Amino acid sequence: MPRFDFLPCFIDLVLDTRAVAGDDEMAAPRSTVRRDLLHDIEARAQAKWEETRAFEEDAPAEGTWDGGKYLVTFPYPYMNGRLHLGHAFSLTKAEFSVAFHRMRGEKALFPFAFHCTGMPIQAAAHKLKNEFALYGSPLPNFPTSPPEVVEGGVDAAGGAITIGWRAPTCTGGLALVEYLVLVREGPAGGEWQERARLPASAAEEGQCVARVDGLVVGSQYAFKVRTLLEGGAAGADSRPLAKSPDGKKDLKLMAAGGKAEKESKGGGGGKPKGKPQKVVAKTGGLMHQWDILRAMGLSPAEIVPFVDPVYWLEYFPPLGKTDLIRFGVGVDWRRSFITTDYNPYYDSFVRWQFAKLRAGGFVAFGKRPSIFSEADAQPCMDHDRDKGEGVAPQEYTAIKMRLLEPLPPVLAKFAGSQAGEGVVYLCAARAARNMAFQDLFPEWGRPKQLATFFGRELLGAAVKAGRSVRTGLAPLCPYERIHFLPLLTISMTKGTAIVTSVPSDSPDDYAAFMDMKNAKKREYYSGQAGAELRAEWIDPFEVVPVLQTPELGEVAAKFMCDKLGIASQKEVEKLKEAHDVCYTAGFYKGVMTAGPFAGLPVQEAKLKTKAKMVADGEAITYLEPEGLVTPRSTPDVECVVALVDQWYLKYGEEEWAARVGEHLGGLECYNPAVHKAFRDALGWLGDWACSRSFGLGTRMPWDTQFLIESLSDSTIYMAYYTVAHLLQGSSMFGTDRATAPAAPRQCTDRVPLKTHSGGSPANRRPSRPSSFWDHVLLGKPYEPAAGEAPVPAASLASMRREFEFWYPVDMRVSGKDLIPNHLTMSLYNHAAVWQDDPAKYPRSIFCNGHVQVDAEKMSKSKGNFIGLLQACEKWCADATRFACADAGDGILNANFDTTIADRSILSLTAELEWARAALAGSAKDASMRPAGAAATWLDAWFANEMNRLVLAVTEGFASMRFRDALKHAWYGMQEARDRYRSGCVESGLDAELTRRWVEWQALLMVPITPHWSEEVWSAVLGREGCAVRAAWPTPTAPIDAGVSAAGAYLFKVSSVIATAMANHEKKAAKAKGKGGKPADGGAAAPKPNQARLYVARKFPRWKERVLELLRGHFDADSGAVSEAVRAAISGCDEIKACNKGKQPMQFAAMMMEEAKLGGLSALALSMPFDEAGIHVYTEAHDSVPDAEMLASAAPGAPSVQLFHAE
């Protein structure tokens, strides 16, 4: 190409003014033809992989391999149903990564198993069995959902309430004819009367609404719905509606503006405006287990066997495998297994694991507080919960304050009760239920309710110290008597519902106390409470300082209320702000000024005060769940905190935690937020109940009355993958013994249990850990199990080699929700079992956020719940994988965009068609250059760009940034091809480069779209073998940064020219009159067909000086130029001497913005390439046609002049 000897210079370019047709390629497909084509491609690829065993990997013989290995694992999904998009999204992180490492030449292994341990399956089978017992089988005669008051459904003026319900999902095979609305007036025990009828045909989208008239204002009511079936057959009665929506009050019809009416669903009273709304979906969400199974596509007859928990184990895991194969996951299925003792080999492995933990002192026995399911009579751990995963016991110090006589009338019958054996506790029913499971009542788990009353009936009652009368005062209180007063923030679902008032340091208490001091407000609250609040209960008392903080003084609450202008306890938002300030300052900076520990910091005094009060009998330790927890077995019954005898893992033990912490310091987490989450979990995770009495799983080897809890047995099972295929043969259930080298009993030592010192479970000792597993996983000498034949030495050596080669796990992939339990517990248990071999601890853990669908939480009630099989059928596997890669990779929630999935169907098929046509020489938009034709500059750029993109994609996959990898592998490669194709319209494409592009794009996309890539590899390129096992592309030459920059410049210039053409057209249109002719009547100027580019190789000196100052003030950390540069530019004598007025500051401001986008390179003084040399059509000129245009040019920013030439 010509070079120019003069500076600056300009270049003439010939423009192609042909119109470009519109491109609607990205429109969503209107038929299934393209998707069906991808389905066919998937079937061919999967058959090929199965035939060639593409994803099976065995450990090589020792000393025969030095190419590296990569073992990735994913938490085995729970098998109480089919897999869904949430599973698919998370596991693609493992899938994309292992596919990349396989193509990089490593021995890469992705095993997969299915979790069946714990309560969910057992609970679901039990629930289904109960449904059949209650409603019939195989077609149950279900009732409607419980009715509820619809929004706007309270009409006090008309004496009516409108209720709604959902139709039953099955009525025993008989047609539903009619609904009867039954009403009961008054409390429970009254007679139910029919008040309305509704034909079954009145239901809209399964929802029914009925207005019940003739109700009396002020009366209490309950409603239920009865179904009537064809032929006069009896239907079923729904559960009654008898409470307000919060479940706390009886349902009453109140006059307009009445308190009860405002609390009913829909708010205020009076006649509702317009038609009452449909029933809220809350009740519709309470599905029967039969409904859940029907929603999975099972027929009524197919559902019947699911009453047996074992049937779930046999049914769903094989379907999970089938769905994952359909999704194209590269799993070595020989190593698959299910958990529980149904698989005897895995059972022996878990028994060995716990025997090791017990022998190492990591398991203990005793009473520990646990979240407890009363219905299941055992601890309810995270995987057993319907709600409340991660919720832990919250500890309180409940202060005993004795009620003084005379007692309030509602408690008069208890006069004379003393603390001791006959103690009576005043507290919320929820608190009493929790206390009953904490050894505080005579009979464990059975609180005896003596009376119920409203809190207002205690107002004014006096209290003093409780059981211990040593002081004669309320604990740490200088007053002899204090009284019950109202507080608006009391909750019946937190603590005992009776709280001590500390107005010195609690802004809520202070505001309430000052309200009570005000006579007018006291009168108002008396009316609200329905009881007189007397002055003598409040006026004699003043705020008592108990601690001091440097910033807030001795009465922090008053300080903050005064500062924020809080005048009432109703100012909730301000009180919250004041509360946070007071409690933070008090706890971390406060010093006690009262009580036996005056002078001590609050943090220290708090623990000492608690210990002293409990020891003196003035307080008890009370626990309750820190949030709502319900078990899967009875999701409408809240769990409690119970002190139960149990086996527990001693997580948090100092030495053990230190070992985990040391490993965590070097653990690759790919995201600082994930590493911090692990540190937080390590800081709070403590004793963990690992035994249960009910469910599926493995028996505790030394105490077989207990099962091992589902999270506890799922911590090191990744090691079992290494030998599962050698033990289990072809069966994931471990039932194929034909090729097994050992029977399950040969893997388990069966030494009788030994009992010591009275037979206490705490003293039971386990059998010695299995010698089989000790040898295979720890390398210890092997001794056959007692009375069993030895396992063949060759088999032992093979299993030992498999473990030694594959372990440790190179990467564990999981959702972020497992960090506080499973993942941290896995680190603990690795540090226990392999405590002498830290090289076996996991090397890296990648965690992702939850996936949403179209920016909304995936939910069956929203209709956007997507099963894995459903996604594969709707879009195809590769389109689903494509959208998963696009969804995001961070710890925040990702978004599965269904539009991306739709569009990728067209994109994949269109690219397949183009590749086939281009290589065959039949592509309409791409002709091949004749053999032997000269190369063009664009050839060099295209080759360089492909090399650059390969490195970018490689970095994306290596760093687990799959959206970036997709961006470069798909969109970046296509953009490079499109630019090359557009620039070679006249010269034609280079055949070798085009073929390389097709091959590299297919290979770069293998991890994400393996089926599509396999089709390109085999059918289009005609290559042998499998694309999934092909070598990763390798750049053909080092990246030439100058060529990359020149290419970016060229396409930028093309955009500038296009913009100039568009602006010219607009000006020409304005210049024309209404008749389409020039306004001056002359001839129309010809349309420009050429462009002249004025190129400057250097900036004028004043601009160079500005750039030098900008570069000197560039901050690499912030990626911006410091504002201090403005003063430097204003004070620069060299710039002043150029007399450019405001131009230097304007130029500086423009370049500062450029630097924010392009970094320091945007402030370069010259381009890293010859601008003149990269243009395809150039012509040198001895003179400059337009000096002003040339003056306006700058390096990298040529001026454009359009003109017409014949």
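This passage describes the nonpolar cores, the salt bridges, one sheet and one helical residue of a predicted model.

The largest nonpolar core of the predicted model comprises 128 residues, and the members that touch the most others are Phe 110, Phe 112, Leu 324, Trp 941 and Phe 957. Helix α25, which spans residues 937-958, makes the greatest contribution to this core, supplying ten residues. The surroundings of Phe 957 can be given in detail: when neighbours within four places in sequence are left aside, Phe 957 is in contact with Phe 96 and Phe 100, with Phe 962 and Ala 965, and further with Leu 1004, Pro 1007, Ile 1008 and Trp 1032. Apart from the largest core lies another, of 77 residues, whose members include Phe 337, Phe 349, Leu 357 and Val 723. In soluble globular proteins, nonpolar side chains tend to be buried together.

Charged side chains were examined next. With a salt bridge taken as a side-chain nitrogen of Lys or Arg within 4 Å of a carboxyl oxygen of Asp or Glu, the count comes to 66 salt bridges. One of these joins Asp 810 to Arg 843, with the closest N and O atoms 2.8 Å apart. This pair links distant parts of the chain, 33 residues apart, since Asp 810 belongs to the loop between α20 (793-806) and β26 (811-815), whereas Arg 843 belongs to the loop between α21 (819-833) and β27 (845-848). The two partners fall into separate accessibility classes: Asp 810 has a relative accessible area of 9% and is therefore buried, the limit being under 20%, while Arg 843, at 45%, is partly exposed.

A salt bridge is also formed by the side chains of Lys 840 and Asp 837, with an N to O distance of 3.2 Å. Here Lys 840 is the buried partner, at 8% relative accessibility, and Asp 837 is partly exposed, with a relative accessible area of 28%. In the salt bridge between Glu 975 and Arg 979, for which the N to O distance is 3.6 Å, both residues lie in helix α26 (residues 962-983) and are four residues apart, about one turn of the helix. Glu 975 is partly exposed, with a relative accessible area of 43%, and Arg 979 likewise counts as partly exposed, at 30% relative accessibility. Beyond such pairs, a network of salt bridges links Arg 53, Glu 56, Asp 58, Asp 332, Arg 334, Arg 335 and Glu 802.

Among the strands, an open sheet of three has the order β4-β5-β8 and antiparallel pairing. Its edge strands, each of which pairs on one side only, are β4 (148-155) and β8 (207-212), and the twist from one strand to the next averages 20°. Strand β5 (residues 160-166) pairs with β4 in the antiparallel sense over four bridges, and within this arrangement Val 154 stands opposite Ile 161 of β5.

Finally, Glu 1154 is placed in helix α33, which covers residues 1143-1158, and is partly exposed, with a relative accessible area of 41%. When residues up to four places away in sequence are not counted, Glu 1154 touches Gly 1159 and Ala 1162. The C-alpha atoms of Glu 1154 and Ala 1120 are separated by 9.3 Å, these two residues being 34 residues apart along the chain.

Notes: Residues numbered from 1 in each chain as written. Predicted model: local features only at pLDDT ≥ 70, side-chain atom pairs only at ≥ 80, totals over all residues. Heavy atoms only, no water. Core = buried A, V, L, I, M, F, W, Y, C linked by side-chain atoms within 4.5 Å. Buried < 20%, exposed > 50% of the residue type's maximum accessible area, 1.4 Å probe, protein only. Helix = DSSP H or I, 4+ residues; strand = E, 2+ residues; numbered from the N terminus. Contact = heavy atoms within 4.5 Å. Pairing = 2+ DSSP bridges. Axes fitted to C-alpha atoms, helices over the stretch in contact; angles between N-to-C directions.
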